[in-house]
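Reader: I should like a close look at a single aspect of this structure, namely its salt bridges. Please describe which side chains take part, where they lie, and how they fit into the whole.

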Amino acid sequence: MFQSSYHHPHSGFQLSSLSGHSYQGDTAAPAVRWANEILDAALERGASDIHLEPGKEQMGVRCRVDGVLQALITVPKKLQDPVLSRFKILAGMDIGEKRLPQDGRFQGTWQERPVDVRVSSLPTLFGEKLVLRLLDREAIRLDLERLGFSVVNLEKMQQALRQPHGLFLVTGPTGSGKSTTLYAALASLDRKEQNIITVEDPVEYQLPGISQVTVKPKIGLTFARCLRSILRQDPDTIMVGEIRDGETASMSIHAALTGHRVFSTLHTNTAVGAVNRLLDMGVEPYLLASALQAVAGQLLVRRLCPHCKKAYEVGQSDWESRYLGLEEPRTLYRAAGCEQCRHTGYAGRLPLQEVLVITETLRRGICECRSEGELAVLARQEGMRPLFEDGREKVLAGETSCAELLRVLG
């Protein structure tokens, strides 16, 4: 069972006297059991998120497994508010405030593994919707060589990480594994002889030998303000959780140009798109060209279940051949479904990645303010393999399906 860090010898979760609230009554015990069952079922499936979605007659609960939402259970309408309040109490949120969004978090253990739970609420037509982000710290492999990158891309990343200074970015949409890649990059560094400092919102994984700071915008502790202080702390390597605005972008570029190694993330769909995003934030082209060392763009696709994937032949007239650009018949694999993968046909995820190494040709292109399309052409000429090419290789190797590649990349 999932046990809260607010331990109670009988119930596992403690319902009263949390965050100044008292929550008791006939529905208290059922609410605890339902909350436990929701957490147990989601963690058993390896979920990354839980969605509690109030409806007119009942509350639906779904969980995201390998990037795809799937139904979990339904909660009776009469228990909707008690269950939602249960999670809000644990997360230190105000259960009396149901009109405004809130955020909170709590920690616990599951199967003797520490789990962090981040909770976000949003008022909807039939009640508050809660989304719980589950962070199983021990399930994450912070090893670049075990994250599933291709040999070519891994070598490019390691080459960029060996640079003594400059800016290294990881881009991609929410939930694409950017933070995991950055943490793995930090874990690969020599932490004994370097001063490594991170500034994050929030700190997701604790790494020994690294000073980690959580931003607190409500009191003025922003990314930019932290960066100004960090530069006076004699750092060798700095990790900025995310570049969100022009001030943070400017400070990160300044740090990279003054002899520091800076890691960060950006929300862009491609690696080349990071260049234009930073220019749009007001960074001068010549400064960006000098500071930027490499950008790794990534997405996640579901991995075919090794126990039940089915081989099939594709010919020239099949859509898979046209999509992948195949010139001769090939054997591909599709999802089937078995007990091992809960009949989804997939088990786990692997990254699609493109690594943009900033060469002298690309630096000139950045200084000349070339468009994203022109820079993409230059990047391919300089040896960058686009996301689709990496995905195509994984489909042909039988690691994922052509349908999954189409779902993720379009």
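Author: The following account treats the salt bridges first and the overall fold afterwards.

The model is a predicted one. Counting a side-chain nitrogen of Lys or Arg within 4 Å of a carboxyl oxygen of Asp or Glu, one finds 17 salt bridges.

One of them joins Asp201 to Arg244, with 3.2 Å between the closest N and O atoms. Asp201 belongs to the loop between strand 11 (196-200) and strand 12 (211-214), while Arg244 belongs to the loop between strand 13 (237-240) and helix 6 (246-257); the pair therefore ties together parts that are 43 residues apart in sequence. Asp201 is partly exposed, at 35% relative accessibility, and Arg244 is likewise partly exposed, at 43%.

Another salt bridge is formed by Glu399 and Arg303, at an N to O distance of 3.8 Å. Here Glu399 sits in the loop between helix 12 (387-396) and helix 13 (402-409), and Arg303 is part of strand 15 (residues 292-304), so that this bridge ties together parts 96 residues apart in sequence. Glu399 has a relative accessibility of 29% and counts as partly exposed; Arg303, at 30%, is also partly exposed.

The pair Arg363 and Glu360 is local in character: the two residues are 3 apart within helix 10 (residues 360-367), a separation of about one helical turn. Their side chains meet in a salt bridge at 3.6 Å, N to O. Arg363 is buried, with a relative accessible area of 17%, whereas Glu360 is exposed, at 54%. The cut-offs behind these words are under 20% for buried and over 50% for exposed.

Beyond such pairs, a network of salt bridges links Arg385, Asp390, Glu393 and Lys394.

These interactions are set in a protein with 13 helices and 18 strands. Its radius of gyration is 23 Å, close to the 22 Å that the globule rule gives for 410 residues, and the protein is therefore as compact as a globular protein of that length. The C-alpha trace spans about 70 × 60 × 40 Å along its principal axes. Of the 410 residues, 49% count as buried. Among contacts with a separation of 6 or more, 62% involve residues 24 or more positions apart.

As for charge as a whole, the protein carries 49 positive and 49 negative charges, whose mean positions are 3 Å apart. The accessible surface comes to about 19300 Å², and carbon and sulfur atoms account for 47% of that area.

Methods
Residues numbered from 1 in each chain as written. Predicted model: local features only at pLDDT ≥ 70, side-chain atom pairs only at ≥ 80, totals over all residues. Heavy atoms only, no water. Helix = DSSP H or I, 4+ residues; strand = E, 2+ residues; numbered from the N terminus. Buried < 20%, exposed > 50% of the residue type's maximum accessible area, 1.4 Å probe, protein only. Rg over C-alpha atoms; globule rule 2.2 N^0.38 Å. Contact = heavy atoms within 4.5 Å. Areas by Shrake-Rupley, 256 points an atom, 1.4 Å probe, with all protein chains shown as cover. Lys, Arg positive; Asp, Glu negative; His and termini not counted. Charge placed at Lys NZ, Arg CZ, Asp CG, Glu CD.
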